[in-house]
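Me: I am new to this structure. Please take one part of it and go through that part closely, explaining each term as it comes up.

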Amino acid sequence: MQGQVQAYAQGRTGDNAGAKRERLEKRKVELAALDRELAAKRNDLVPPERMAKMLYEIVKRNPDVDLVSLRSLPATGLTQSLTAALGSDSLALYRHGIEITVSGSYLRMLTYVNQLERLPAKIMWGNMELQAAAYPVTTLKITLYTLSPERTWLLI
């Protein structure tokens with residue numbers, strides 16, 4: 001029993017423990033760098049409270065584009081496995097989506113999409129579906145996303 005205690009004590013203070021501490025410190029530095037990168041990316045995205053209003057304003061600037069619908073999609077947790085593994089909600093990150101449907105001529109839809117692409121604040125793109133059932137009117141349904149550490153923020 002005494003030998004086991006000594007072996008355990010040597011394991012904690014020996015080379016093995018030093019290597020583990022070095023790996024831990026390295027991981028902490030990597031995590032801090034990832035946190036800074038994530039914060040920078042999140043700052044480039046459309047702020048949550050502005051997303052629906054911004055999309056509506058772009059439709060309003062295009063009088064030949066009609067807003068058919070604008071609806072919020074359920075939040076999707078992106079870091080659920082990491083949060084569960086570490087037991088911390090501070091790492092939670094959610095993807096929030098908006099589905100916007102507009103109608104107008106094909107050229108007006110191109111102009112609308114071009115304006116969305118040129119926004120200074122970035123939006124993540126999901127699905128895009130164009131339907132041309134009754135010429136010359138087309139209907140465009142776009143799913144757009146942004147990220148937030150909050151589970152609920154996007155209400156329309």
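Reply: What follows looks at one helix, its surroundings, and then other charged pairs. The model is predicted, so local features need pLDDT of at least 70 and side-chain atom pairs count only at pLDDT 80 or more, while totals for chains, interfaces and linings use all residues. Residues are numbered from 1 along each chain as its sequence is written, and side-chain values use heavy atoms, leaving out hydrogens and water.

The part chosen is helix α5, residues 106-117. Helices (H or I, at least four residues) and strands (E, at least two) are DSSP runs, numbered from the N terminus.

On the surface, Y106, L107, L110 and L130 make a nonpolar patch of about 410 Å². Helix α5 supplies the largest share of this patch, 3 residues. A patch takes residues with over 30% relative accessible area and no salt bridge, joining nonpolar side chains (Val, Leu, Ile, Met, Phe, Trp, Tyr) within 5 Å and like charges within 9 Å. Areas come from the Shrake-Rupley method with a 1.4 Å probe, and for residues only the protein chains shown count as cover. L107 lies in helix α5 and counts as exposed because its relative accessibility is 61%; exposed means over 50%, buried under 20%, and partly exposed in between.

Helix α5 also takes part in the interior. The largest nonpolar core has 21 residues, and those with the most contacts inside it include Y112 and L116. Such a core is a set of buried Ala, Val, Leu, Ile, Met, Phe, Trp, Tyr and Cys residues joined through side-chain atoms within 4.5 Å. Helix α5 gives two or more residues to it, as do α3 (51-61), β2 (94-104) and β4 (137-148). The most, 6 residues, come from α3. L55 touches Y112 and L116, among others, leaving aside neighbours within four places in sequence; contact means heavy atoms within 4.5 Å.

A charged pair involves helix α5 too: R108 forms a salt bridge with D64, with the closest N and O atoms 2.9 Å apart. The pair links distant parts of the chain, 44 residues apart, D64 being in the loop between α3 and β1 (66-77). A salt bridge is a side-chain nitrogen of Lys or Arg within 4 Å of a carboxyl oxygen of Asp or Glu. R108 is partly exposed at 38%, and D64 is partly exposed at 42%.

The whole structure has 4 salt bridges. Another joins E99 and R71 at 3.0 Å, N to O, linking strands β2 and β1. E99 is buried at 13%, whereas R71 is partly exposed at 42%.

Technical notes:
Buried < 20%, exposed > 50% of the residue type's maximum accessible area, 1.4 Å probe, protein only.
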